[in-house]
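Visitor: I would love a walk through this model with someone who knows where to look. Could you show it to me, and then take my questions one at a time?

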Amino acid sequence: MPGAFHSLLLPLQWKRKPKRRRSRSHSKEGNNRNKPKSHLAGAGAAGDPSFNLKASASSFPRDIGCLVQPLGNLLLSASPGANLRDAGLGALRPLPDDLLLDVLGLLPARALAALSAASKALYVVAAHDPLWRALVLGELGGAFDFAGSWRATYVAAASGGRPHLIPPRALRIRGFYSDYLFQSWLCANMEMRHEWLARDNIERRRGVSVEQFIAEVEEPNRPVLLEGCLDSWPALQKWSREYLLEISAGKEFAVGPVSMTLDRYFRYADNVQEERPLYLFDAKFAEKVPEMGRDYEVPVYFREDLFSVLGEERPDYRWVIIGPAGSGSSFHVDPNSTSAWNAIIKGAKKWVMFPPEVVPPGVHPSADGAEVTSPVSIMEWFMNFYGACKTWEKRPIECICRAGEVVFVPNGWWHLVINLEESIAITQNYVSRRNLLNVLDFLKRPNASELVSGTKDRVNLHDKFRGAIDAAHPGMINQLQFEAQQKAAARKKKASFWDTAVDAKSGGFKFSF
């Protein structure tokens, strides 16, 4: 096998590459003429299983994903029994692909590069880009210059940017079939399907009063999209890339597991095309760059934030969010039983939300709520689970939120968000009188040390918060508890005939068999 990773065997010399910016255009939704189609057996459980690929799919000269084909294509090949995977993995052949990648993920870069020279099959598997993403982030942190793929990024850094040591395009290998590896590549390169974007059933409100919002939205704990309440934000006009780069020069922001300067992150976002793009999600942006904090204000509907009584000890509550198309957040419930609002400054986001009592398909929370198991990527959820919602009695609330609009996320609601284009947003979590009792109950759960987030003192947060509320708002908690009891009693009085009929304690009749 050619020494495609030969440069990794040389002494490592970390040196920055010349800064070159390459833009990537995103085709508009629905404009899919002349784009290639791919097929994955079983994907998109209902309807047409074909998917339109992005125009930039496989455009990078060292892309490796196109070497893999879905397993169903093996049946149509000239040699239906000849899968290069089986012939070239040796003793590793019995391992399923996900476990095989877990094993390879334990290897350092030089070992992974050496393994890739053992056979064509191992070349394909060892070039799986998420393996190299982990190596780049683990060794370089955020100090990398993205080179089109994580493998190419690592090799470029290891070679010190010397072109003669950087391997050419990926070897042309045919006959490797794997649904697992192909789906990872497909999720990174496919367009959102029209039917995934068409449904928009969220309630939209404009010019609603605070009293109406409380009575009609917050009290019933319902999602809503608010229009027109960001019109006075300077950020809507000012937050261009150039402005943000100017005011944040030299500052680093939280991006996944690492910290990066904004210029590095934008260069990454311009060139990335992967299944789970890194997402800039920083809780301290206003402290790092005060101008950003001054360029927005909390909409009037969310200004009662009772966590503020804790001062600097309050959990993290506000974030700036920046990400390319395809980035986002998989299904989760917001931390500490808080409600949230999410305001779009640039771009557009697709939202899918389920009420607290409906766990989204493909999502498996643990009994204590401490862990959630879900598909590895947002696109995988749309491919394999979105169709299942069509037959549900309680279908999700969906919308596309665009610049200048705000989505209200009630406490306890499951939600997934994906950026349809490069997007910038501000989001805040808050506690009002309407969900104060829920938050206090959450904070005093027996496993609060595992559930509570955004603060170092997870165990004592309940006592600190309750004490601070009692000091700042005497009698508030008792009054809210009294009102909650009254509402519960009123609901009980409205019991149905059937509930009354079968309840022996109600004084009505009951069935006996």
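Visitor: Is Asn-336 buried or exposed?
Guide: Happy to start there, bearing in mind that this is a predicted model. Asn-336 lies in the loop between β11 (328-332) and β12 (339-346). Its relative accessible area is 3%, and the cut-off for buried is under 20%, so Asn-336 is buried.

Visitor: What is the phi of Asn-336, roughly?
Guide: Asn-336 is not a glycine, and yet its phi is positive. The value for Asn-336 is about 60 degrees.

Visitor: Which residue in the loop between β11 and β12 has a phi near 60 degrees and a relative accessible area of 14%?
Guide: Look in the loop between β11 and β12 for a residue other than glycine with a positive phi. With a relative accessible area of 14%, this residue is buried. The residue is Ser-337.

Visitor: How many of the eight residues of β12 are buried?
Guide: β12 is largely enclosed by the rest of the structure. That description rests on the count of its buried residues, which is seven of the eight.

Visitor: Which strand is joined to β12 by seven bridges?
Guide: Good one to trace on screen. The two strands run antiparallel, and Ala-340 stands opposite Asn-429 in this pairing. The partner joined by seven bridges is β19.

Visitor: And which residue stands opposite Asn-342 in β17?
Guide: β12 is also joined to strand β17 (residues 405-409), by four bridges. These two strands run antiparallel. Opposite Asn-342 stands Val-407.

Visitor: How are α16 and α19 oriented to each other?
Guide: The axes of helix α16 (residues 436-443) and helix α19 (residues 476-493) come within 10 Å. They cross at roughly 105 degrees. Angles of 65 to 115 degrees count as roughly perpendicular, so α16 and α19 are roughly perpendicular.

Visitor: How many charged residues does the contact of α16 with α19 have?
Guide: On the α16 side, Leu-436, Leu-437 and Leu-440 take part. They meet Met-476, Ile-477, Leu-480, Gln-481 and Ala-484 in α19. By class, the contact has seven nonpolar residues and one polar residue, and the charged residues number no more than none.

Visitor: Which residue forms a salt bridge with Glu-218?
Guide: Glu-218 sits in helix α9 (residues 210-218), and its partner is 216 residues apart from it, in the loop between β19 (423-430) and α16. The closest N and O atoms are 3.0 Å apart. Glu-218 is buried at a relative accessible area of 5%, whereas the partner is partly exposed at 26%. That partner is Arg-434.

Visitor: How many residues apart are Asp-316 and Lys-284?
Guide: Their side chains meet in a salt bridge, 3.4 Å from N to O. Asp-316 is partly exposed, with a relative accessible area of 30%, and Lys-284 is partly exposed at 42%. Asp-316 is in the loop between α14 (290-294) and β10 (318-323), Lys-284 in the loop between β9 (280-282) and α13 (285-288), and the two are 32 residues apart.

Visitor: What is the N to O distance in the salt bridge of Glu-297 and Arg-303?
Guide: Glu-297 counts as partly exposed, at 40% relative accessibility. Arg-303 counts as partly exposed too, at 49%. From N to O, their side chains are at 3.9 Å.

Visitor: Last one: how many salt bridges does a search of the whole structure find?
Guide: Some salt bridges share partners, and these join Asp-200, Arg-204, Arg-206, Glu-227 and Glu-405 into one network. For the whole structure, the search finds 34.

Technical notes: Residues are numbered from 1 along each chain as its sequence is written. This is a predicted model: local features need pLDDT of at least 70, side-chain atom pairs count only at pLDDT 80 or more; totals for chains, interfaces and linings use all residues. Side-chain values use heavy atoms; hydrogens and water are left out. Axes are lines fitted to C-alpha atoms, for helices over the stretch in contact, and angles run from 0 to 180 degrees between N-to-C directions. Angles under 35 degrees count as roughly parallel, over 145 as roughly antiparallel, 65 to 115 as roughly perpendicular and the rest as oblique. Contact means heavy atoms within 4.5 Å. Ala, Val, Leu, Ile, Met, Phe, Trp, Tyr, Cys and Pro count as nonpolar, Asp, Glu, Lys and Arg as charged, and the others, Gly among them, as polar. A salt bridge is a side-chain nitrogen of Lys or Arg within 4 Å of a carboxyl oxygen of Asp or Glu. Buried means under 20% relative accessible area, exposed over 50%, partly exposed in between (1.4 Å probe, protein chains only). Two strands pair if DSSP finds at least two bridges between them.
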